[in-house]
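These are my notebook entries on a structure that was new to me. I wrote down what I looked up, in the order in which I looked.

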Amino acid sequence: MTLRFGLVGAGGIARSYVEVFAGLDDARIVGIADVDQSAARRLGGPLGIRVADSIDALIHSVELDAVIVCTPPDSHPHVALAAINAGLGVLCEKPLAIEIAAARRMVASSAAAGTLFTMATKFRFVEDVLAARRLVDQDVIGEIIQLENTFASRVDMRDRWNSDRAVSGGGVLIDNGTHSVDIARYFLGPIHDVLVVERQHTQQLAVEDSVQLLLRTTAGAVATVDLSWSYDNTTDTYLQVYGTEGALAVGWRESAVRENRANEWTPFGEGYDKIRCMRSQVRNFCAALAGTEDLAITPADAIASVQVIAAAYQSLEAGDWVAVDSVRSIGSASDVA
């Protein structure tokens with residue numbers, strides 16, 4: 001059986017999904033919707049598939065099994081709920097939503113409808129990240145003490161929707177930080193509290209463009225996260241995990257492990273491939289639709305990401321540590337219990 005997918009949104013990430021599906025045998029894109037019909041035609045025309053100007057029009061014009069939500073974050077709840085109400089599976093790009101209440105509504109609606117629902121978070125499907133987690137599970141580096149993650153590169157965001165708070169929910173913290181939070185939770189477990197420090201604005205955006213984020217678990221393990229749209233990180237490594245018995249370094253082109261008793265690093269991976277890891281996530285989603293695998297990213301994982309980011313924005317506003325469980329929405333100090 002070939003699963004039939006619709007793409008909602010015809011921007012850059014949707015173009016990546018077209019490349020992803022070109023390497024799949026058991027799933028295909030059969031329709032694309034975008035409020036910009038010309039963008040939908042440019043993407044869908046070469047594929048010879050149906051295009052529409054909305055999720056509702058797409059649902060009523062083509063038979064679908066699932067949709068991938070590739071629109072800006074403020075529209076995720078509307079698009080996802082329309083698909084859920086039509087009985088379709090939903091793979092929603094990160095961040096899941098810009099408000100916790102909306103994220104919970106999406107997850108609850110999916111559960112009530114009995115449909116499949118997950119958030120796209122590609123780094124959990126990077127082969128080197130998975131290999132690093134296996135090394136942790138095998139106790140190669142002992143108990144984790146510290147995790148460090150950097151997603152920093154110079155990108156001009158002045159004319160992009162990402163810098164419009166009403167559309168994006170914030171800046172680099174909600175954008176790149178959603179990946180960081182998911183990676184930290186994957187290695188460390190639930191996050192108890194967070195602290196965020198903002199760096200100097202270099203692009204004069206209405207949202208934050210550079211921050212440092214500290215994440216702390218109940219057990220006391222700490223993750224340090226550097227996020228920026230305004231400076232280039234010149235090292236090849238974007239993730240380091242330090243344990244009582246050694247360390248892991250996960251990089252864009254190579255990954256390696258060093259045990260304390262060893263003098264040299266031992267390679268265990270060949271780096272990051274965007275399309276490959278996105279394809280792995282779609283494969284997992286398709287297998288879950290077919291009932292042959294569990295979702296790697298559960299709805300609970302997706303909700304947790306939104307809640308940690310909400311706590312991070314509360315910390316940015318308050319200038320202090322904020323407990324994740326105390327926060328109910330993004331950017332509203334009155335919602336702190």
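**Charges.** I began with the charges of this predicted model, and I noted 28 positive and 43 negative charges, whose mean positions lie 4 Å apart. I then asked how many salt bridges a search of the whole structure would find. The search gives twelve, and I followed several of them to their places in the chain.

**Arg4 and Asp65.** I looked up this pair and found that the two side chains form a salt bridge, with 3.1 Å from N to O. The bridge links distant parts of the chain, since Arg4 belongs to strand β1 (residues 3-8), while Asp65 sits in the loop between α3 (55-61) and β4 (66-69), 61 residues apart. I checked how open each partner is: Arg4 is partly exposed at a relative accessible area of 26%, whereas Asp65, at 17%, counts as buried, because the cut-off for buried is under 20%.

**Glu127 and Arg276.** Here the closest N and O atoms of the salt bridge are 3.6 Å apart. I traced Glu127 to helix α6 (residues 127-137) and Arg276 to helix α9 (residues 274-290), so that this pair, too, links distant parts of the chain, with the two positions 149 residues apart. Both partners count as partly exposed, Glu127 with a relative accessibility of 43% and Arg276 with 42%.

**Asp193 and Arg216.** The side chains of this pair meet in a salt bridge with an N to O distance of 2.7 Å. I placed Asp193 in strand β8 (residues 193-198) and Arg216 in strand β9 (residues 210-216), 23 residues apart, and the pair again links distant parts of the chain. Is Asp193 buried or exposed? I found Asp193 buried, with a relative accessible area of 8%, whereas Arg216 is partly exposed at 28%. I also noted that Arg124, Asp182, Arg185 and Asp301 are joined into one network by salt bridges that share partners.

**Ser315.** I turned next to a single residue, Ser315, which I located in helix α10 (residues 299-318). Ser315 has a relative accessible area of 0% and is therefore buried. Which residues is Ser315 in contact with, once its neighbours within four places in sequence are left aside? I listed Val194, Leu195, Val196, Asp320 and Val322. Strand β8, where I had already placed Asp193, covers residues 193-198, and I marked Val194, Leu195 and Val196 from the contact list beside that entry.

**The whole chain.** Stepping back, I recorded ten helices and 15 strands for the protein. I compared the overall size with the globule rule: for 337 residues a compact globule would have a radius of gyration near 20 Å, and the protein, with 20 Å, agrees with this. Along the principal axes, the C-alpha atoms fill a box of roughly 60 × 45 × 40 Å.

**Inside and outside.** I looked up how much of the protein is covered, and buried residues make up 57% of the 337. The accessible surface comes to about 14500 Å², and carbon and sulfur atoms hold 47% of that area. As a last entry I took the contacts with a separation of 6 or more, of which 64% are between residues 24 or more positions apart.

Technical notes. Residues are numbered from 1 along each chain as its sequence is written. This is a predicted model: local features need pLDDT of at least 70, side-chain atom pairs count only at pLDDT 80 or more; totals for chains, interfaces and linings use all residues. Side-chain values use heavy atoms; hydrogens and water are left out. Helices (H or I, at least four residues) and strands (E, at least two) are DSSP runs, numbered from the N terminus. The radius of gyration is taken over C-alpha atoms; the globule rule is 2.2 Å times the number of residues to the power 0.38. Buried means under 20% relative accessible area, exposed over 50%, partly exposed in between (1.4 Å probe, protein chains only). Contact means heavy atoms within 4.5 Å. Accessible areas come from the Shrake-Rupley method with a 1.4 Å probe; for residues, only the protein chains shown count as cover. Lys and Arg count as positive and Asp and Glu as negative; His and the chain ends are not counted. The place of a charge is taken as NZ of Lys, CZ of Arg, CG of Asp or CD of Glu. A salt bridge is a side-chain nitrogen of Lys or Arg within 4 Å of a carboxyl oxygen of Asp or Glu.
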